[in-house]
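Student: I am new to this structure. Could you walk me through the terms used to describe it?

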Amino acid sequence: MNKINQIISLLKKEFPGPDPQPSRSDPLDVLIATMLSQNTTDKTSYRAFENLKKDFKDWNDVMNSAPAKIKRAIRVCGLTNQKSGSIQSMLKKLKKTRGELSLNYIKKMTSDDIYDDLLQYGGVGVKTISCVLAFGLGRDVFPVDTHVHRLANRLGIACTKTPDKTFAALKDKIPEGKRFLLHTLLIRFGRKVCRSASPICGECRLYDICEFKDKELYAMKNESVPRENNFIILEHV
Ligand code: SF4
């Protein structure tokens, strides 16, 4: 069994039950929710997303609003200048190029074409587009955020410096039909066991195949730190 399949199989033992599935929410909603999620937790970004939905009539209203009103609505998730500016300029560009505020036109495109197309909108990166594909179009893709990037490098299935490079290195190596599954398993595992600052290597079922150079050190600490929940907010958009 190759290493990626081995990791999936071990993580399935950690998180038994039905495989998580990509979902099909409105792609523009997912795009904006993901733009809000940068550098914050899923809980706060979802609250910001809900505030936008509550305080504005529609995305057209957001596009034409005074920036201060958008910043007020999303202040819970931080980086309000950057996020409000990116969202408004993305909406304006979408309106200008497509004539309407909808991403329904991407539904018939290939995933590769969608990456090329959406990268033209300012503030929209590869991870954001992967989330649109997974949570808006139900496609089997492998979104790579900082957490997935960390785990892939610790485990030794990537040797890269940035999430986008990890995505490029792995996207064709993960078996078809398993990409979204591996993404979700790694996110859950990163919250529960392989945490950024305090991985619980001593209790890790991937210990033997992990290539993290400090794993013995962390295992010796034999930590007993409370575990976090597995809430993934984008599933609820
Ligand atoms: S051994 Fe430690 S670093 Fe490696 S996957 Fe497990 S928790 Fe993460």
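Tutor: Here are a few questions and answers about its core and its ligand.

Tutor: This is a predicted model, where local features need pLDDT of at least 70 and side-chain atom pairs count only at pLDDT 80 or more, while totals for chains, interfaces and linings use all residues. Residues are numbered from 1 along each chain as its sequence is written, and side-chain values use heavy atoms, without hydrogens and water.

Student: What makes L91 a contact of other residues, and which does L91 touch?

Tutor: Contact means heavy atoms within 4.5 Å. Leaving out residues up to four places away in sequence, L91 touches L28, I32, W59, V62, M63 and L101.

Student: Which residues surround the ligand?

Tutor: They are R154, L155, V193, C194, P199, C201, C204, Y207, C210 and F212, each with a heavy atom within 4 Å of the ligand.

Student: How many residues of this shell are nonpolar, polar and charged?

Tutor: Nine are nonpolar, none polar and one charged. Arg counts as charged, whereas Leu, Val, Cys, Pro, Tyr and Phe count as nonpolar, so R154 is the charged one.

Student: Where do the domain bounds come from?

Tutor: An automatic or database domain assignment supplies them, giving domain 1 (3-18 + 142-236) and domain 2 (27-136).
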